[in-house]
Amino acid sequence: MNKQPMSQKTFRDTDMQAVIGWILRLGVLLSMSIIFIGGIIYLYRHGQVIADYHTFKGVPDFVHNTRGILNGIITFRGRAIIQAGIILLIATPIIRVIFSAIGFILEKDYLYIAITLLVLLIITASMLSGHAG
C-alpha cells in the first residue's frame, strides 16, 4: 500500500467544496445579521414616522457611494448598514467564484481555471459597465 503520511496530505476537491460551502453560509449569515441590525437601528430612529405615499423621496444620496455608506456605518445610520449588508450578500457568490478559481489552480485544472476566470471577467465587466446580461 502506498499511503501518504499525514504531513503530506494533499488538498482534495472535497476540501475545496467544503471551503466554498462555508464561504456561502458565512456570507449569507453575516449579511443577514448586518441587514437585521441595520433594520433595528432604522426602525429605532424612524419607526414613529408616518409614511407619505403622495410624494416619492427615493433613496438618500449617502447610500449611492462607498464613502457615504462607510460614513453612514460609522454614524450608525440604519439605511447605510442595510446597504452594506446587501452589498455583502451580492459579493458572496463573487467570492465563491474567486475561491473556485483558487481551487482549480491548486488542482491544476486549466480548463476550469479558464472558464472560472472568464465568468469572473464577465461579472466584473457587468458591474463596471452597469449592464447585466
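**A walk through a four-helix model**

Thr 92 lies in helix H3. The model that contains it is predicted, and Thr 92 serves here as the starting point. With a relative accessible area of 3%, Thr 92 counts as buried, because buried means under 20% relative accessible area. What is Thr 92 in contact with, once its neighbours within four places in sequence are left aside? The partners are Ile 23, Leu 24, Gly 27 and Val 28.

Ile 94 is also placed in helix H3. Its relative accessible area is 18%, and so Ile 94 is buried, given that the limit for buried is under 20%. Leaving aside neighbours within four places in sequence, Ile 94 is in contact with Leu 120, Ile 123 and Met 127. One of these pairs can also be described by its backbone: 26 residues separate Ile 94 and Leu 120 along the chain, while their C-alpha atoms are 7.5 Å apart. Leu 120 falls within the range of helix H4, residues 110–129.

The next step is the chain as a whole. The protein chain has four helices and zero strands, which gives the pattern α-α-α-α when read along the sequence. It holds 133 residues, and 23% of them are buried. Contacts between residues at least 6 apart in sequence can be sorted by their separation: 60% of them join residues at least 24 apart. The area exposed by the protein chain is about 10500 Å², with 69% of it supplied by carbon and sulfur atoms.

Part of that surface forms a nonpolar patch. Which residues make this patch of about 440 Å²? They are Val 19, Ile 95, Ile 98, Phe 99, Ile 102 and Leu 106. Helix H3, which covers residues 78–107, gives the largest share of the patch, with five residues. Ile 102 is found in this helix and belongs to the patch. Its relative accessibility is 38%, and therefore Ile 102 counts as partly exposed: that class lies between the buried limit of 20% and the exposed limit of 50%. Helix H3 thus holds the buried residues Thr 92 and Ile 94 as well as the partly exposed Ile 102.

A second surface patch is one of positive charge, where Arg 45, Lys 57, Arg 77 and Arg 79 gather. Where is Arg 77 found? Arg 77 is in the loop between helix H2, residues 66–74, and H3. Because its relative accessible area is 39%, Arg 77 is partly exposed.

The loop between H2 and H3 is also the place of Phe 76. Phe 76 has a positive phi of about 55°, although it is not a glycine. For most residues other than glycine, phi is negative.

Another positive phi occurs at Lys 108, where the angle is about 60° and the residue is again not a glycine. Lys 108 lies in the loop between H3 and helix H4. Is Lys 108 buried or exposed? It is exposed, because its relative accessible area is 56% and the exposed class begins over 50%.

Definitions and conventions: Residues are numbered from 1 along each chain as its sequence is written. This is a predicted model: local features need pLDDT of at least 70, side-chain atom pairs count only at pLDDT 80 or more; totals for chains, interfaces and linings use all residues. Side-chain values use heavy atoms; hydrogens and water are left out. Patches are made of residues with over 30% relative accessible area and no salt bridge: like charges are joined within 9 Å, nonpolar side chains (Val, Leu, Ile, Met, Phe, Trp, Tyr) within 5 Å. Accessible areas come from the Shrake-Rupley method with a 1.4 Å probe; for residues, only the protein chains shown count as cover. A salt bridge is a side-chain nitrogen of Lys or Arg within 4 Å of a carboxyl oxygen of Asp or Glu. Helices (H or I, at least four residues) and strands (E, at least two) are DSSP runs, numbered from the N terminus. Buried means under 20% relative accessible area, exposed over 50%, partly exposed in between (1.4 Å probe, protein chains only). Lys and Arg count as positive and Asp and Glu as negative; His and the chain ends are not counted. The place of a charge is taken as NZ of Lys, CZ of Arg, CG of Asp or CD of Glu. Contact means heavy atoms within 4.5 Å.
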